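Okay, thanks for making time, everyone. Have the structure open while I talk, and stop me whenever you like.

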Amino acid sequence: MSEKESANGAISSQSVECTRLREFKNYLRELVRDRVNNATNAGEATRPCISRSSNETYPVCSQEVSAEIIMTVWNHLQLKRCPRYFQISILRVVVAEVEQGFSKAKECEFTVKGINESNTPADNEMVYDLVKLQKYIVNNLEKLLTRLSDNSEVGNIPNYADSGDLCLDGTKCNCNTKVSPVAYTTGHIKNKPRKMEDRHTCLERFSELYKLKSTYSFYGVFDGHSGPLAASYAASQIPYLLAESVRSIGNDLNDVKAYREAFEHSFLQTDKMFSRKGISSGTTAVCVLLAQQTPPSYGHLYVAWVGDSKALLVSPTVSLQLVKSHKPDAPDERKRIEMAEGGGTVLYVQGQWRVNGILNVSRSIGDYSVAPAIAEPDFVDVSLTAAHDFIVLGTDGLFDHVPENKIVDTIYKLLADTEQKIENIPKILIELAKDGDSQDNITVVI
């Protein structure tokens, strides 16, 4: 990574600097340039904000704050295309600064309310408005990046590099010895509905985000209904709660029971906390935890779900649908609903079988007013082999309108096309779903 020799054979006098360090400095310069241009065009300095209407928020209780902080910072770093080798360290600094600011609620524009397990007032609990919390978090992140862009801070920039990812002496970076992150690509579209209620999260650095010793990545697709709030909430809380549970498992990838219980806890606790808010919103969820290992082992796949979003595991010879949808008219689900405490019914309404005539899935997160719709997930695990090429996660907006064999054939054909960009594959699948008369929100993660 040293400078190339000059024409006369001498080494350039310019100081040797890691390529990744130069990339981050250029990134900071671009941020400053964009900020100046935006301020010039707008006539004043622009402030980062989260664009949401007043009814698209929820109260965040103290036990939920850490998950929201981590996910907000991470999503903004991805949105701003922060160079990979600085993301985790910057996240750590911002999280620490935000948590330190909690003692000054007025300064942080937080709302103080009272709430407890029975949804009645409690004097000592702090509750934050999601939008105000996100604005405060993003402002802290922007302030840190602004500080680093100052010439006086140039010498401190290497301190913000992720451990092991940066070398400053011109030697070869040693990060290639790590397990490579799994490549993924995503696509989503609002389509015909008035609102986009789907959410998805792809955390290929799941272990680093949540300080886990084993190497995992996490992917989730959430199909919201009656608004996007349950899906947004689940996308933030489930990864955090899952990480807390997985932390105690250790390195035993064959302890399937422990992973099942970890997923069950994360789903049920997310449902319990969101239901306390009394918000009439719900979501399906299909979540994948990929335990990565170095060859000759190919790792392990753990999948949990509620509702009818799906996960298709693909190899050249066999495609395996891992999800059995939770539908009210399925015999086992119908029996459970009708035997539920307080009674439940399955009725055919508006062309679909529905729980209590309302909900067209029999399991979901949220939907507190539809008691027979539980959040207990189903779970499968798969030992991966060299034959497994990819997994497709998607909402019913995709899988109900494109046959699985067509999805598989299309992806393989596009992967074989050297002219085709991988990030275009989800877009093409979405177009196939629209051609198949999909009227719904559509989300695809490959």
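Let me start with a definition, because the ring count depends on it: two rings from Phe, Tyr or Trp, using the six-membered ring of Trp, make a pair if their centres lie within 6.5 Å, and planes over 60 degrees apart count as edge-to-face. With that rule, we get 16 aromatic pairs. Keep in mind that this is a predicted model.

One of those pairs is Y58 with Y233, an edge-to-face case at 5.3 Å centre to centre and 80° between the planes. Y58 lies in the loop between α1 (19-42) and β1 (59-61), and Y233 is in helix α6 (residues 229-246), so this pair ties together parts that are 175 residues apart in sequence. Are the two partners buried or exposed? Y58 is buried at a relative accessible area of 2%, and Y233 is buried too, at 0%.

Staying with rings, there's a cluster to click through: Y216, Y259, F263, F267, Y302 and F379 form one aromatic cluster. Then come the charges over rings. The charged end of R20 sits over the ring of Y85, 3.8 Å from the ring centre. R334 has its charged end over the ring of W353, with 4.9 Å to the centre.

Now zoom out for a minute. The protein has eleven helices and 16 strands. Of its 446 residues, 48% count as buried. If you take contacts between residues at least 6 apart in sequence, 69% of them join residues at least 24 apart. The accessible surface comes to about 21900 Å², and 49% of that belongs to carbon and sulfur atoms.

On to the inside. In soluble globular proteins, nonpolar side chains tend to be buried together. Here, the largest nonpolar core has 77 residues, and the ones with the most contacts inside it are I90, F206, Y210 and L289. Which helix or strand gives the most to this core? That's α6, with twelve residues. Take I90 as an example: leaving out residues up to four places away in sequence, I90 touches F24, L77, C82, L141, L144, L145 and Y160. There's also a second, separate core of 19 residues, and V392, L414, I430 and I446 are among its members.

Somebody will ask about cysteines. How many disulfides does the structure hold? Zero. If you want cysteines to look at anyway, C202 is buried at 10% relative accessible area, and C287 is buried at 0%.

Next, a histidine, for anyone thinking about its surroundings. H76 lies in helix α2 (residues 65-79). At 10% relative accessibility, H76 counts as buried. Beyond its sequence neighbours up to four places away, H76 touches V138, L141 and E142. L141 is also on the contact list of I90, which makes L141 a handy place to park the camera if you're going from one to the other.

Backbone next, for the phi watchers. S226 isn't a glycine, but its phi is positive, about 55°. You'll find S226 in the loop between β5 (216-225) and α6, and S226 is exposed, with a relative accessible area of 54%. D367 is another non-glycine with a positive phi, near 50°. This aspartate is in the loop between β13 (365-366) and β14 (378-383). Unlike the serine, D367 is buried, at 8%.

Last stop, D223. Where is D223 found? In strand β5. Is D223 buried or exposed? At 7% relative accessibility, D223 is buried. The company around D223 has plenty of acids and threonines: not counting residues up to four places away in sequence, D223 touches E197, D198, G282, T283, T284, S309, T395, D396 and D440. On the long-range side, the C-alpha atoms of D223 and T443 are separated by 8.3 Å, although the two residues are 220 apart along the chain.

That's my tour. Which one shall we pull up again?

How values were computed: Residues are numbered from 1 along each chain as its sequence is written. This is a predicted model: local features need pLDDT of at least 70, side-chain atom pairs count only at pLDDT 80 or more; totals for chains, interfaces and linings use all residues. Side-chain values use heavy atoms; hydrogens and water are left out. Rings of Phe, Tyr and Trp (its six-membered ring) pair if their centres lie within 6.5 Å; planes under 30 degrees apart count as stacked, over 60 as edge-to-face and the rest as tilted. Helices (H or I, at least four residues) and strands (E, at least two) are DSSP runs, numbered from the N terminus. Buried means under 20% relative accessible area, exposed over 50%, partly exposed in between (1.4 Å probe, protein chains only). A charge sits over a ring if NZ of Lys or CZ of Arg is within 6 Å of the ring centre and within 35 degrees of the ring normal. A disulfide is a pair of cysteine sulfur atoms within 2.5 Å. A nonpolar core is a set of buried Ala, Val, Leu, Ile, Met, Phe, Trp, Tyr and Cys residues joined through side-chain atoms within 4.5 Å. Contact means heavy atoms within 4.5 Å. Accessible areas come from the Shrake-Rupley method with a 1.4 Å probe; for residues, only the protein chains shown count as cover.
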